[in-house]
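Work through the exercises below with the sequence and the model at hand. Each task is followed by a solution in steps.

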Amino acid sequence: MELKKTIITKIAALVLLLFTGWNLYKSFSYQNSILLLALLTIILTSNNHLSSCLNFLKKSSKNYKKFLLTLILDVLFFSLSYFLLNFALKFFQNITLTKLGKGPEGIDPSIISSYLININILALSTIIVFFLIYTISRTLIWKLLTNKKINMKSFLEFAKYNLVWWIFWIIPAVIVLFGVRIELKNLGLIFFLTIYSHFSGTLHYGISQEKKIMNTFARLSLEKFQYLLTPYALFFVIYTALTQITRIMPVEYASITNVIFFLITISWLRVYLKEAFENT
């Protein structure tokens, strides 16, 4: 029965691979390129490992309570982040240099100095608030997933590791945003966010375990990386399949629907990864 399930999955992946390859031949897109790699990963996965992945997928789909909780927390996180960014941009517009006014001899240097100070305070405040929102949401999500106690120590632990983690990623982020040619920027962002998400997920799971954090992080993010490629591929195929619905929807609803499908997919993926981590 297990062998039959994996064979059917691989046949379906092969059919989709041929269809995706044809679409990619007609018109290049990053999404189809990644989908092609995901389908190829599924096809090349050993039957035993693919069977285990499908079993974890089935098991995680039944854990709807944790899925809903993580989905709600993710919706709150992205909503708060969106409003924070909008507020910061509007506030920035109110203190732009062009609105400071010019005297007969140009702009007063003291006004420029005040402007730069205000901009730096605004940027720093936005980063700090976003960091707090991010840390609180990751703490709640992973502590709930791993059934661990939530207290002030948990938040401080996540904050400590996240701060070091963000500092570590500053240089790669700057390189991707400002050091990559324009035509390759989208590819660079996709690669950067994919790698960051993988390592961040394993780090947050390790922190939530409250012991042997770095050992757990290294084992899951590096040593067991090849075992996580198939789950990532499966979930990317699931997300791509869901987004096909938006093709028949009005344009004004398509974007928000894609965002909803994205949040559903990553919330389900976290529930899956928790099951996989504990059995890897």
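Partly exposed refers to a relative accessible area between the two cut-offs: under 20% is buried and over 50% is exposed. The model is predicted.

**Exercise 1. Classify Val174 by its relative accessibility and place it in the fold.**

Step 1. Val174 has a relative accessibility of 43%.
Step 2. Because buried means under 20% and exposed means over 50%, Val174 counts as partly exposed.
Step 3. Helix α6, residues 152–178, holds Val174.
Step 4. Val174 belongs to a nonpolar surface patch, together with Leu163, Ile167, Ile170, Ile171, Ile175, Leu177 and Phe178. The accessible area of this patch is about 820 Å² in total.

**Exercise 2. Describe the overall fold and dimensions of the protein.**

Step 1. Count the secondary structure elements: there are 10 helices and zero strands. The pattern along the sequence is accordingly written α-α-α-α-α-α-α-α-α-α.
Step 2. Take the extent along the principal axes: the C-alpha atoms fill a box of roughly 85 × 50 × 35 Å.
Step 3. Consider burial: of the 280 residues, 38% are buried.
Step 4. Consider the surface: its accessible area is about 17,300 Å², and carbon and sulfur atoms contribute 72% of it.
Step 5. Consider contacts with a separation of 6 or more: residues 24 or more positions apart account for 71% of them.

**Exercise 3. Which residues does the salt-bridge network join?**

Step 1. Start with Asp74 and Arg138, which form a salt bridge with their closest N and O atoms 3.2 Å apart. Asp74 lies in helix α4 (residues 64–94) and Arg138 in helix α5 (residues 109–145), with their positions 64 residues apart in sequence.
Step 2. Check burial: Asp74 has 0% relative accessibility and Arg138 has 5%. Both values are under 20%, so Asp74 is buried and Arg138 is buried.
Step 3. Add Arg270, which forms a salt bridge with Asp74 at 2.4 Å between the closest N and O atoms. Arg270 is in helix α10 and Asp74 in helix α4, so this pair ties together parts 196 residues apart in sequence.
Step 4. Arg270 is buried, as is Asp74.
Step 5. Through shared partners, the salt bridges join Asp74, Arg138 and Arg270 into one network.

**Exercise 4. Compare the burial of the two partners in the salt bridge between Glu275 and Lys59.**

Step 1. Among the four salt bridges of the structure, this one has an N to O distance of 3.5 Å.
Step 2. Glu275 is in helix α10 (residues 251–278) and Lys59 in helix α3 (residues 47–62), 216 residues apart.
Step 3. Glu275 has a relative accessible area of 7%, so it is buried.
Step 4. Lys59 has 46% relative accessibility, so this residue counts as partly exposed.

**Exercise 5. Is Ser81 buried or exposed, and which residues does Ser81 touch?**

Step 1. Ser81 is located in helix α4.
Step 2. The relative accessible area of Ser81 is 12%, which is under 20%, so Ser81 is buried.
Step 3. Leaving out residues up to four places away in sequence, Ser81 touches Phe130 and Ile133.

**Exercise 6. How many positive and negative side chains does the protein have?**

Step 1. There are 27 positive side chains and 11 negative ones.
Step 2. The centres of these two sets are 10 Å apart.

Technical notes: Residues are numbered from 1 along each chain as its sequence is written. This is a predicted model: local features need pLDDT of at least 70, side-chain atom pairs count only at pLDDT 80 or more; totals for chains, interfaces and linings use all residues. Side-chain values use heavy atoms; hydrogens and water are left out. A salt bridge is a side-chain nitrogen of Lys or Arg within 4 Å of a carboxyl oxygen of Asp or Glu. Helices (H or I, at least four residues) and strands (E, at least two) are DSSP runs, numbered from the N terminus. Buried means under 20% relative accessible area, exposed over 50%, partly exposed in between (1.4 Å probe, protein chains only). Patches are made of residues with over 30% relative accessible area and no salt bridge: like charges are joined within 9 Å, nonpolar side chains (Val, Leu, Ile, Met, Phe, Trp, Tyr) within 5 Å. Accessible areas come from the Shrake-Rupley method with a 1.4 Å probe; for residues, only the protein chains shown count as cover. Contact means heavy atoms within 4.5 Å. Lys and Arg count as positive and Asp and Glu as negative; His and the chain ends are not counted. The place of a charge is taken as NZ of Lys, CZ of Arg, CG of Asp or CD of Glu.
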